[in-house]
Amino acid sequence: MRARASDALIGGSGLAVAGYVINRAVLGLLIAALSGGLFWLVWIYGNGLRDPRYLDGWVLAGGMALQVCFHIVKTFSVSPKSATRWRKIHIFAGYLVIAAFISHSDFTLPDSGFEWALWTGFVLVTLSGILGTYLAWSQRAKSRVDEGISYDRIPALRAELEIAFLRAIAETDPSAAAIDLPGLPHDAWITELYSTHLGDFFQGPRNFTAHLIGSQRPLKRLTGAIDNLSRYVDQPRQAKLAYIKTLVAEKDRLDFARVSLGLTRGWLFVHVPVTYALIVLTVLHVLVVYAFSSGVW
Amino acid sequence: MASRRDQLTVLLALVTAICLGSAIFFSNGTQLLMPGPLTSGHAAIENCNACHTKSGSNKLSWLHGLVAADPLADSKACLTCHKMPATAFNPHGAAAEVLEQSTRRLTRIAAGTTAPRSAVAQSIAFPMKDVIAGGLYCATCHQEHQGASFNLHKISSEKCRSCHVVKFDSFDGDHPAFENYPFKRRTRIIYDHASHSGKYYPDLAKKDPATRTPATCSACHNSNNDRRVMAVAPFDQICASCHLGQIIGKERVSGPKGIAFLTLPGLDLETLKKKNASIGEWPDGSDAALTPFMKLIMNRNEKGRGLVKAVDGLNLLDLATASDSQIKAVTDLAWEIKGLFHALIKGKASDVLGNLSAGDGAKLNTALISDLTAGIPRDAVIGAQQEWLPNLAAEMTGGPVTLPEAPSGSNAVQAVPIPSPQEPQSAAAVETNSSDSEPPETESVGTEPAGAEKTVCADEPPRAENIAATDEVAPDSEDEPETGESGETLSAEEQLAAVKGRLPLPNGTPRAIKTRIENARKKKPHEEAEAKAEGAKVVPCTDEQPRPDAAGETEAAEANANEGTEAPSAGGQAAADTTEQFDDLLFPTGSEKAGRTEEADPASKTEGKTPADALPEANTAPPAPQVQAAPTTGIESDVDPETWAEYGGWYRQDYTLYYRPTGHKDKFVQSWLVLTWPQAPTGGTSPAAAVFDYLIGKDAQGSCTKCHSVDDIRGKGRVVNFSPASVANKHGRFTHFIHEPHMGIMDNRGCLTCHDLERNRPYLKSYEQGNAWKFTANFGAVKKELCQGCHTSGVARQDCLLCHKYHVNGVATPVMNTKIPAQ
């Protein structure tokens, strides 16, 4: 796994964290400055006896067109590096488009059906975009989803983990048979742990809600049970339980990856189609605006 | 997955488009596309195309709006309900020249101010030239579809600033200091506060302590009725006690107290005679000048204009050096004047004055004509005519009445068969006249029998004997109806009846009045005898100012009349002549004719006579010449005509018919000023300008312009400010102020808190010229700092629209056209 700024934020060096914060702060300030600049420009445009809604409207339309270009570019499968650059531009421009939208709606809610449709479409696209950005960030920031994992491979990985887990459970200690005295039933305890806690866990994706909200309580509960058992078993079983614990953690990571990648794919089902629906509404909006304009452009 | 997402994308886009299409198709009109509710004032508008002119009424016709068309079309639709002048789309709805003038002034001020950075940036990034060039749309400032309670009038100060050359942040910031506010335009009424309060009122109080003089500002001013105007109390309430006398001429010490309206100008008769100028009869006693009113009246047609121009600058009393063409012009002028008098008697005064050019060629309205004539009595004109031009009717129909020997008192080239009241003809002259000259064909009322002699007093009231006699000869007239100039046939009864009941105004000197009254008194007992008189002879009447040579004859005639005998004939004056001198001038109006006919006809019917039968009777009726000719004898009175008309009205003196103003708001004076001011620029030489100058002169009767200022309107003549300041006068002003909200916060100096009376200012000098905007007020200008005491950040409003108006010429909503429902 490569070291990233997000990794640094979680557990990286102080210098890397500072660099990340500065980077984000500069971007935030730039967005704020550009948004403020846009508001000021629109204000002086309006003061110049022009309808400012035409200015911020076209800025908004231009921004939206740029965002759509990102989707078109992605469709034509550009290089990963180029795609990453485009995504950064897409996210950055997205924040500016939000500023343009706020200006265009004059900081007020719409008051007609058609405007509500436009507003809702834009808000849906914006919120889904913000969610996608957050998901991308959270995946990286929490380091819980390896970049190599894809949503489609998760079931296979989970099956591999399950097999490894079952093997580990089924494996017994051969030295126990050499001793005459009846020993403690460590393996039975581990088997019971499997049957009561871990078997179901490894059988399929679990804890969707907890992963959706980023909770690790289910994982802690399982690892807690493993740790409790470890205190009563001998050294070889302790090693076995440690291995099982690693498998549980890995399974939990896969579950998180599934939820995370599922959302990442799911928000696009809102973001992209609604974007195109919004384009249809926007085209009509532009036509109506110019058809009914009373000369003030 | 990607393909599923793409499918969903396409599907959603299609569903969106279909839903929109369906919504538009099934919705009511194009309301669905409306970006928001209209303001409550416009809420009743249901059709989009009422304002969006290109949108049409179909569901998709709004797409026509995408086609380029008149960009102002929608704004013009606003003017359907919101009436504005033609300059509606100019900034402020003001005329281009007003804007230019204002910009020039503000550019000067801008040199001393620093513009805020945002304003500079705005003017660089988004210059205003393009916005203003094509005209400002209504929607530039009034943006609709923002909700029912949205304030459409709201406009930010920054928007105002964008166009203005003077750019500042706020009123309490760099707003320029006031320039002579509020006294930019001089007051319409010339009232020197300093001299009135400092001199006249104290003097008046000293002279007559009982006289009430204004003690507070509110004695004369209030703004209750019209919040924007500090109104002045009416003339009758505050000015009349001192100024009414000046208007009616009571306090005038020299010159006539009336306005010379019609006159018989003095002519150099001797020269005219030498040059054989045929002007007919013309009194040689007149030294009056042609009045500006007459020039203007004559100016109404091409011929008159030429005459006025030709004699302009000519001394009519000395024509010795005049060229032949000038003599011709003077001759024509004399006839024009006669024609004027004739027209005024024969027709209606309104006919003569109704076609005066009011500058734009528009026909004068009846109210104005009525005011212009000031109800001039026909008898006033008749009296003047009878006194000055007794043979006018004969002359107007038959040309100049000439005598081989010139009678005394008239010009040498004329013969007047009947002496004028002031210049009575000698008996010899009358005799000569009757014997030597053919009686002109006239519009006479009736025909006197041969041998009948009558002498009438031209300025006398209609006499009963004349009426009676003519009544009797009327059938004759019907047999041979006389045709007037207009081709109108009038019966004798009709013409005579027109005379009845008319009494001329007092004219001439007191002695003349006295004589007339005496004559009238003397003739009364003889009226019946006169009616029956056959072959009545008419003796020359006595003039008010009889000449020594005529006096004896007149007295003899009076004596004879008293004895019931025929007066000595003046020499066989033809009956036709005598009627011409009097009755035939008095053509009745249409309505009068109708009335008179009814009045006259029964008389003949009751007598059972046909018109033909009446003639012999008339011929045989014994005349009562003494009575008929009896001059009026006046009641002893020292009251001259001018004094008689002390409180205004018409009077005649010498050879002039005067009008004396009746008081404040005299309609005669006002209407002539109103009529002439569009054609009376400063220094104008037109007849209209002459009338205007005559009426606004320093010593002009009525003294209108002593208090009412005269503004020189460039290219549009001059205007006398009769109307007080009003909201209407404030159209075109950018600044407005309402006194009332400020009254409660004044300190104990009251009005003087803002308006400092500065006594040494040359206030009256402002009115010595015509530019209303060159003004030095009695009061100092209001200072910005005074307003800034309250109008500052966080205290009182200080936005532009608080004190300044955008639509300077106002916006009005016209009354809708509602057809009266038919039954």
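**Why the labels fit: strands, helices and unusual residues**

Q: What makes β6(B) and strand β7 of chain B a pair?
A: In this predicted model, five bridges join β6(B) to β7(B) (residues 656-660), and the two strands run antiparallel. Pairing needs at least two bridges, so five are enough for these strands to count as paired. One bridge to look for is that of Q653(B), whose partner in β7(B) is T656(B).

Q: Why are β3 and β6 of chain B called edge strands?
A: The strand order in this open sheet of three strands is β3-β7-β6 (chain B), with antiparallel pairing. The strands β3 (259-263) and β6 (649-653) of chain B each pair on one side only, and that makes them the edges. From one strand to the next, the twist averages 30°.

Q: How do you know that helix α16 of chain B is roughly parallel to β6(B)?
A: Helix α16 (residues 378-388) of chain B runs at about 5° to β6(B). Angles under 35 degrees count as roughly parallel, so this helix and strand qualify. The helix lies across β3, β6 and β7 of chain B.

Q: What makes α8(A) and α10(A) roughly antiparallel to each other?
A: The axes of helix α8 (residues 186-203) and helix α10 (residues 217-230) of chain A cross at roughly 175° and come within 11 Å. Since an angle over 145 degrees counts as roughly antiparallel, the label follows. Among the residues that meet are W189(A), L193(A) and F201(A) in α8(A), and L222(A), I226(A) and L229(A) in α10(A). By class, this contact has nine nonpolar residues, one polar and no charged.

Q: Why is α3(A) described as roughly antiparallel to α4(A)?
A: Helix α3 (residues 52-75) and helix α4 (residues 80-104) of chain A have axes that come within 9 Å and cross at roughly 155°. That is over 145 degrees, so α3(A) is roughly antiparallel to α4(A). The crossing is left-handed. In α3(A), the residues that meet α4(A) include L60(A), G63(A) and F70(A), while W86(A), H90(A) and F101(A) are among their counterparts in α4(A). The contact divides into 13 nonpolar, seven polar and three charged residues.

Q: What makes N207(A) unusual, and is this residue buried or exposed?
A: N207(A) has a positive phi of about 55° although it is not a glycine. Most residues other than glycine have a negative phi. With 20 other C-beta atoms within 10 Å, N207(A) meets the cut-off of 20 or more and is therefore buried. Its place is the loop between α8 and α9 (208-212) of chain A.

Q: Why is H92(B) called partly exposed?
A: H92(B) has 19 other C-beta atoms within 10 Å. A buried residue needs 20 or more and an exposed one 12 or fewer, so H92(B) falls in between. H92(B) also has a positive phi, about 65°, although it is not a glycine. You will find H92(B) in the loop between α2 and α3 (96-110) of chain B.

Q: How do you know that the peptide bond joining Y181(B) and P182(B) is cis?
A: Its omega is about 0°, and the bond is cis. Most peptide bonds are trans. P182(B) is found in the loop between α6 and α7 (193-207) of chain B.

Methods. Residues numbered from 1 in each chain as written. Chains lettered and ligands numbered in written order. Predicted model: local features only at pLDDT ≥ 70, side-chain atom pairs only at ≥ 80, totals over all residues. Helix = DSSP H or I, 4+ residues; strand = E, 2+ residues; numbered from the N terminus. Axes fitted to C-alpha atoms, helices over the stretch in contact; angles between N-to-C directions. Contact = placed C-beta atoms within 7 Å. Parallel < 35°, antiparallel > 145°, perpendicular 65-115°, else oblique. Nonpolar A, V, L, I, M, F, W, Y, C, P; charged D, E, K, R; others polar. Left-handed = near helix turned anticlockwise from the far one by under 90°.
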